[in-house]
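The following paragraphs lead the reader through a structure, from its strands to its ligands. Please keep the sequence and the coordinates at hand while reading.

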Amino acid sequence: MKAICKSFWQMLSFVKRDMMLFAACAAPVLAGIIIRLGVPLLEDKLAKWLELPRILTPFYGLFDLFYAMIAPTMFCFVTAMVMLEEHDDRIDEYLIVTGLGKSGYLASRVFLPAAIAFVVTLVLLPLFHLTELTVLETLFLSLTGTLQGSIIELLIVTLSSNKLEGMAITKMATMMILGAFLPYFMSHPIQYVASILPSFWAAKAIYEQNVLFMLPAVGTAGVWIGCLLMIHATHPHQK
Amino acid sequence: MIQVNDLYFSYTTKPFIEAMNFTVEKGEIFGFLGPSGAGKSTLQKILLGMLPGYRGSAIVNGTECRHRTNRFYENIGVDFEFSTMYEKLSARENLQFFSSLYEKSGRPIEELLEMVGLQNDADKRVADFSKGMKSRLNFIKALLHDPALLFLDEPTSGLDPANNRMMKDLILEEKKREKTILLTTHNMQDATELCDRVAFIANGKIYALDSPHNLIMSKGATRVTYTWMDHGEHTASCPIDRLSGDEVLQKLIAQNRLKSIHSSEPTLNDIFMEITGRTLL
Ligand SMILES: Nc1ncnc2c1ncn2[C@@H]1O[C@H](COP(=O)(O)OP(=O)(O)OP(=O)(O)O)[C@@H](O)[C@H]1O
Ligand SMILES: [Mg+2]
């Protein structure tokens with residue numbers, strides 16, 4: 001446990017030196033302020049200009065969904081970048097034979113950041129939400145957001161072997177969150193093409209106000225994470 | 001310290017490491033000597049519990065390697081054949097971090113830095129270190145938690161003579177502190193100088209295992225080689241303990257006709273070639 005905490009602190013002190021990574025950590029609060037203040041203001045202006053009663057309001061749920069993913073995605077992106085840098089320096093290979101071990105390394109780079117992202121989202125979402133969210137919905141959005149962030153992180157570290165590739169994979173992996181659009185914009189049978197995406201089920205649960213959809217949202221995310229962890233464990237990148 | 005019994009391992013379906021048996025005693029420097037690709041690093045990785053898919057038994061510090069837990073590494077120090085440091089961080093920051101990963105408090109960082117002459121470079125980024133400095137730094141990283149067992153993968157390779165000498169002295173210093181040391185090398189001179197026993201490894205098999213001295217002696221004693229002129233140059237050689245029976249040599253000496261004469265001990269290199277049919281390089 002001591003080693004895991006030390007390893008986590010190491011990552012934080014590492015992030016402090018890198019302005020880009022540091023900025024990524026600060027982004028969730030900025031984004032929250034912009035969404036919370038900017039979107040209703042924009043809605044007001046748009047409605048007056050187009051002389052319609054509501055334009056963005058029906059999609060406020062979608063804003064909350066995306067907002068719940070911001071902190072986890074940013075945190076997990078930052079850890080993924082640190083992990084890729086550690087891979088470049090071959091630190092990951094060495095840590096396996098220290099008191100930290102492979103499991104401790106994963107704990108300090110995947111599970112601990114995810115837990116923190118979850119708590120941060122749980123705090124930020126009630127501050128910056130646009131729709132009324134029940135406690136269950138807040139918990140659910142924070143959880144799916146966190147799982148989504150972890151999936152993106154694991155995709156980055158399993159599919160890329162350096163920071164440059166990591167950037168490219170990040171763009172692709174982040175597409176996964178677009179599944180959230182489908183329940184809002186696609187007709188019923190067609191939207192199910194996205195049913196392997198947790199973000200799709202999460203959006204369905206919010207859009208259709210049906211708690212049952214929370215199960216496949218968490219279930220699909222669990223399968224993604226399980227598979228990626230397995231691939232990561234059996235195919236450690238070798239130089 | 002280490003018992004290996006009937007060890008088999010392969011990365012692929014083709015057999016690689018086959019039927020290996022050996023033990024390493026406490027306080028011993030044990031060397032794996034073999035050419036590139038022989039399986040030296042692979043063997044170390046098995047003993048470090050990094051390749052749990054082996055058959056047979058490999059017991060290190062009383063633990064079967066495939067069942068190791070993180071506690072296993074509290075008493076093992078590792079220096080891989082490549083540098084494993086945060087290149088952007090300073091030497092001291094690196095050592096402080098790695099040291100903090102162990103339950104044990106270990107050895108003072110300043111003392112270790114001084115021991116390898118890096119005390120004045122400790123605040124430089126590792127990226128700015130020379131190759132020799134990096135290998136010394138990686139070496140003391142393995143000592144941070146004062147482990148009883150050291151795994152050193154090619155600790156002397158690619159170093160200039162001064163750094164090579166220093167590294168060997170450092171290793172011998174650790175032996176004095178009663179550490180058990182497992183090292184790999186393809187340099188027979190380093191093996192002769194450092195190791196209490198060496199295992200000749202080629203193609204995933206151990207061909208011979210003994211002290212460097214015994215291995216050298218086992219394959220004939222020192223030979224004397226001499227040349228003389230007799231319608232062109234002739235060369236002959238004879239074991240040093242049979243010189244009195246060599247009539248050609250007696251006659252050449254009596255007639256003062258020898259052009260050259262020298263004795264040569266077989267090196268570990270010669271023995272390696274003779275036993276495995278392969279060169280070390
Ligand atoms: N992760 C791996 N997957 C598949 N094959 C591997 C892997 N690592 C090593 N090998 C193969 O195993 C063989 C032995 O490699 P190993 O690194 O053990 O050799 P070595 O004796 O340490 O050589 P060197 O002196 O060059 O370090 C080589 O043929 C190598 O290609
Ligand atoms: Mg090797």
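Two strands are taken to pair if DSSP finds at least two bridges between them. The model discussed here is predicted, and the account concentrates on chain B.

The overall dimensions of chain B provide a frame. Its C-alpha trace spans about 75 × 45 × 30 Å along the principal axes, and its secondary structure comes to 9 helices and 13 strands. Of its 281 residues, 50% count as buried. One separation illustrates the extent of the chain: the C-alpha atoms of Ile261(B) and Asp146(B) are separated by 51 Å, with these positions 115 residues apart along the chain. Ile261(B) belongs to strand 13 (residues 258-264) of chain B and is partly exposed, at a relative accessible area of 49%.

Strand 3 of chain B is a suitable place to begin with pairing. Strands of a sheet pair through backbone hydrogen bonds, in either a parallel or an antiparallel sense. Strand 3 of chain B runs parallel to strand 8 of chain B, and 5 bridges join the two; within this pairing, Phe30(B) has Leu182(B) of strand 8 as its bridge partner. Strand 3 of chain B also pairs in the parallel sense with strand 9 (residues 197-202) of chain B, over 4 bridges. There, Leu33(B) has Phe200(B) of strand 9 as its bridge partner.

How is strand 3 of chain B placed with respect to the rest of the structure? Of the 5 residues of this strand (residues 29-33), 5 are buried, so the strand is largely enclosed by the rest of the structure. The burial applies to both faces: Ile29(B), Gly31(B) and Leu33(B) lie on one side, Phe30(B) and Phe32(B) on the other, and all are buried.

A further sheet in chain B is open and antiparallel, with 4 strands in the order 2-1-4-5. Strand 2 (17-24) and strand 5 (63-64) of chain B stand at the edges with a single partner strand each, so one side of each has no neighbour in the sheet. Strand 1 (residues 2-9) of chain B is joined to strand 2 of chain B by 5 bridges and runs antiparallel to it. In this pairing, Ile2(B) has Val24(B) of strand 2 as its bridge partner.

Strand 1 of chain B also contains Asp6(B), a residue whose backbone deserves attention. Most residues other than glycine have a negative phi. Asp6(B), however, has a positive phi, near 50 degrees, and counts as partly exposed at 42% relative accessibility. Glu178(B) likewise has a positive phi, near 65 degrees. Glu178(B) is placed in the loop between helix 5 (161-176) and strand 8 (180-185) of chain B, and is exposed, with a relative accessible area of 55%.

Tyr54(B) occupies the loop between helix 1 and strand 4 (55-60) of chain B. Although in a loop, Tyr54(B) is buried, with a relative accessible area of 4%. The C-alpha atoms of Tyr54(B) and Tyr8(B) are 5.8 Å apart in space, while the two residues are 46 apart in sequence.

The ligands complete the picture. Ligand 1 lies between chains A and B. It is surrounded by 14 residues, the closest being Ser36(B), Gly37(B), Lys40(B), Ser41(B) and Thr42(B). By class, this shell has 4 nonpolar, 7 polar and 3 charged residues. Oxygen atoms of ligand 1 take part in several polar contacts: one is 2.5 Å from a polar side-chain atom of Ser36(B), one is 3.2 Å from a polar backbone atom of Ala38(B), and one is 2.6 Å from an N or O atom in the side chain of Ser41(B). The protein covers 62% of the 640 Å² of accessible area that ligand 1 has on its own.

Which residues supply the protein donors of the magnesium ion, ligand 2? They are Ser41(B), through OG, and Glu81(B), through OE, at 1.9 to 2.7 Å from the ion. Ser41(B) lies in helix 1 (residues 40-47) of chain B, and Glu81(B) in the loop between strand 6 (76-79) and helix 2 (91-99) of chain B, so the pair ties together parts that are 40 residues apart in sequence. With 18% relative accessibility, Ser41(B) counts as buried, whereas Glu81(B) is partly exposed at 45%. Ser41(B) thus appears in both sites, being a donor of the magnesium ion and one of the closest residues to ligand 1.

Definitions and conventions: Residues are numbered from 1 along each chain as its sequence is written. Chains are lettered from A and ligands numbered from 1 in the order in which they are written. This is a predicted model: local features need pLDDT of at least 70, side-chain atom pairs count only at pLDDT 80 or more; totals for chains, interfaces and linings use all residues. Side-chain values use heavy atoms; hydrogens and water are left out. Donors are N, O and S atoms within 2.8 Å of the metal (3.2 Å for Na, K and Ca); water is not among the atoms, so sites may look incomplete. Buried means under 20% relative accessible area, exposed over 50%, partly exposed in between (1.4 Å probe, protein chains only). A residue is near a molecule or strand if one of its heavy atoms lies within 4 Å of it. A polar contact is a pair of N or O atoms within 3.5 Å; within protein, one must be able to donate a hydrogen and the other to accept it, and residues adjacent in sequence count only if both atoms are side-chain atoms. Accessible areas come from the Shrake-Rupley method with a 1.4 Å probe; for residues, only the protein chains shown count as cover. Ala, Val, Leu, Ile, Met, Phe, Trp, Tyr, Cys and Pro count as nonpolar, Asp, Glu, Lys and Arg as charged, and the others, Gly among them, as polar.
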